[in-house]
Protein chains: 2
Amino acid sequence: MASIATIQINVNEKLFLRNPEHTELGRNIISNSIILIEKIGFENFTFKKLAAEIKSTEASIYRYFENKHKLLIYLVSWYWSWMEYQVDFQTNNIEDPEKKLDIVIDILTQTSRFDPQFLHINEDALYRIVIDESAKAYLTKDVDADNKEGFFLGYKSLCRKLAGFVIEMKPDFKYPRGLMSTLIEASHHQKFFSEHLPSLTEVSESEGGSGEVSEYLRYLIFQLLKN
Amino acid sequence: MASIATIQINVNEKLFLRNPEHTELGRNIISNSIILIEKIGFENFTFKKLAAEIKSTEASIYRYFENKHKLLIYLVSWYWSWMEYQVDFQTNNIEDPEKKLDIVIDILTQTSRFDPQFLHINEDALYRIVIDESAKAYLTKDVDADNKEGFFLGYKSLCRKLAGFVIEMKPDFKYPRGLMSTLIEASHHQKFFSEHLPSLTEVSESEGGSGEVSEYLRYLIFQLLKN
DNA sequence: CCTTATTGATAGTATTACCATCGCAGTAAC
DNA sequence: GTTACTGCGATGGTAATACTATCAATAAGG
């Protein structure tokens, strides 16, 4: 757990103009954009407001990111990359694919996610951003162009990995990737609905733990994958 | 089928300043906003551009809708209301809840949707908007306020109706509404993925009919609801 | 024919989403 | 100790967006 080796979270280099991990200002941009987007929402978020937060200037932030949409994709990509690392780490040495999927559902739904390896990233706030805003990263007229640039490789890679577990569990299953993308999306919108539009689901989120969303998802997945 | 009685599609009155159904300009706004949003995407859509399309002015459009977000919610609400009508109509006199859910999946996924009762509404374009943009109607910091105003009643009402079919089919099922909101959301994102991020799903959309998305959804739902 | 409602025309404001330029401070190089 | 480079802050500017206000023309209703 407390090893010294550092893992790297890879995000597509085309997402930024200057790598924010390499400088103090860059890390500050990342760190505070997470807090600010979570707080005021992506549509109300501007580079000007962020600049004020970190006592820098709009122009300086534009040196790192072309626009706020690229920044959002950057954050979401980081998240997917980090999630895949979590999955790798926590399913390592586990044989049983059912157990692996069980762990995946835990990882997808757990609310408290602090990772001491990335001190400038507030994973809990980032998780909220993923729930509330991540769909906006791809629901644009630029999806196809962005996809060609490889901006969604993180999501795809995670989805492929989870689909692998499904295949291990049930080799003849027809929709491993479809089911896993449904699982991931459902983990977000069921949580969102439970908090904001509760009549759209029976699931409710009172507890702090991984709660009822995970129960629902577990039921869904294993009901389908058990013969 | 070709009855003279007109049905009404209800949308929350708070969504508009002046009822667009009541005037020529209003219907023009609706009709062309659907075309234009579908064409250029919601973020690029402005009232100014719409005004140019319909040879009116920005100010005139603002007399109908407070802002473009309310217009989006209006369109999406109209869609839900219309979908619920479709479900009522097409499941009428059908006893078997399984058959009813089967019809629901058809309705949710069919691509060609022209309804001669609403000549000023291009249902096909509206369906594309729902797939690409409808999540943006609720994924905002105003969800709770908007929800209090009743802006999402259409979605909720449809979800409740479909959940009723689930209960008829399997009275002890634990997540009827959760499953139906998952079904609806999945019908959108699986279609979106199949067209734009195909490695996130096995489902592909070559055909014009209700295609592979509906097959996947049918598998999902009935696998879960059959004991 | 008069009243009222509806629209078009015009103008104006605040904010957003950028881009360009300049100069300074720190560092590293010779 | 000068040179050169990088990163950043400061300033200023532009075009577009998201509205609001005012007024005149006109169509519709009584």
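# Close-up views of two chains and DNA strands

**The surface near DNA strand D takes at least two residues from α3 of chain A and at least two from α3 of chain B.** This is a predicted model, in which local features need pLDDT of at least 70 and side-chain atom pairs count only at pLDDT 80 or more, while totals for chains, interfaces and linings use all residues. Residues are numbered from 1 along each chain as its sequence is written, chains are lettered from A and ligands numbered from 1 in the order of writing, and side-chain values use heavy atoms, with hydrogens and water left out. Helices (H or I, at least four residues) and strands (E, at least two) are DSSP runs, numbered from the N terminus. The element that gives the most to this surface is α3(B), with three residues. A residue is near a molecule or strand if one of its heavy atoms lies within 4 Å of it. There are 18 residues around DNA strand D, and A:S56, A:S60, A:R63, A:Y64 and B:N67 come nearest. The residues of this surface comprise five nonpolar, six polar and seven charged. In this count, Ala, Val, Leu, Ile, Met, Phe, Trp, Tyr, Cys and Pro are nonpolar, Asp, Glu, Lys and Arg are charged, and the others, Gly among them, are polar.

**Side chains from both protein chains make polar contacts with DNA strand D.** A polar contact is a pair of N or O atoms within 3.5 Å; within protein, one must be able to donate a hydrogen and the other to accept it, and residues adjacent in sequence count only if both atoms are side-chain atoms. A:S56 has a polar side-chain atom 2.4 Å from a phosphate oxygen of the strand. For A:S60, the distance from a side-chain N or O atom to a phosphate oxygen is 2.8 Å. B:E58 instead has a polar side-chain atom 3.1 Å from a base nitrogen. Of the atoms of DNA strand D within 4 Å of the protein, sugar or phosphate make up 52%, and the rest belong to bases.

**DNA strand C is surrounded by 18 residues, of which A:Y62, A:N67, B:S56, B:R63 and B:Y64 come nearest.** Of the atoms of DNA strand C that come within 4 Å of the protein, 58% are sugar and phosphate. The side chain of A:E58 has an N or O atom 3.2 Å from a base nitrogen of DNA strand C. In A:Y62, a polar side-chain atom is 3.1 Å from a sugar or linking oxygen of DNA strand C. In B:R18, a polar side-chain atom is 3.4 Å from a phosphate oxygen of DNA strand C. The elements that give two or more residues to the surface near this strand are α3 (58-62) of chain A and α3 (58-62) of chain B. The largest share, three residues, is that of α3(A). Five nonpolar, six polar and seven charged residues make up the surface near DNA strand C.

**In chain B, two arginines have their charged ends over tyrosine rings.** A charge sits over a ring if NZ of Lys or CZ of Arg is within 6 Å of the ring centre and within 35 degrees of the ring normal. The charged end of B:R18 is 5.5 Å from the ring centre of B:Y64. For B:R113 over the ring of B:Y127, the distance is 3.6 Å.

**A:F45 and A:F47 form an edge-to-face aromatic pair.** Rings of Phe, Tyr and Trp (its six-membered ring) pair if their centres lie within 6.5 Å; planes under 30 degrees apart count as stacked, over 60 as edge-to-face and the rest as tilted. By this rule there are 36 aromatic pairs over all chains. In the pair shown, the ring centres are 6.2 Å apart and the planes are at 85°. Buried means under 20% relative accessible area, exposed over 50%, and partly exposed in between (1.4 Å probe, protein chains only). A:F45 counts as buried because its relative accessible area is 0%. A:F47 is also buried, at 3%.

**A:K55 and A:N93 each have a positive phi, although neither is a glycine.** The phi of A:K55 is about 55°, and this residue is in the loop between α2 (47-53) and α3 of chain A. Its relative accessibility is 76%, so A:K55 counts as exposed. A:N93 has a phi of about 70° and lies in the loop between α4 (68-91) and α5 (97-109) of chain A. A:N93 is exposed as well, at 71% relative accessibility.
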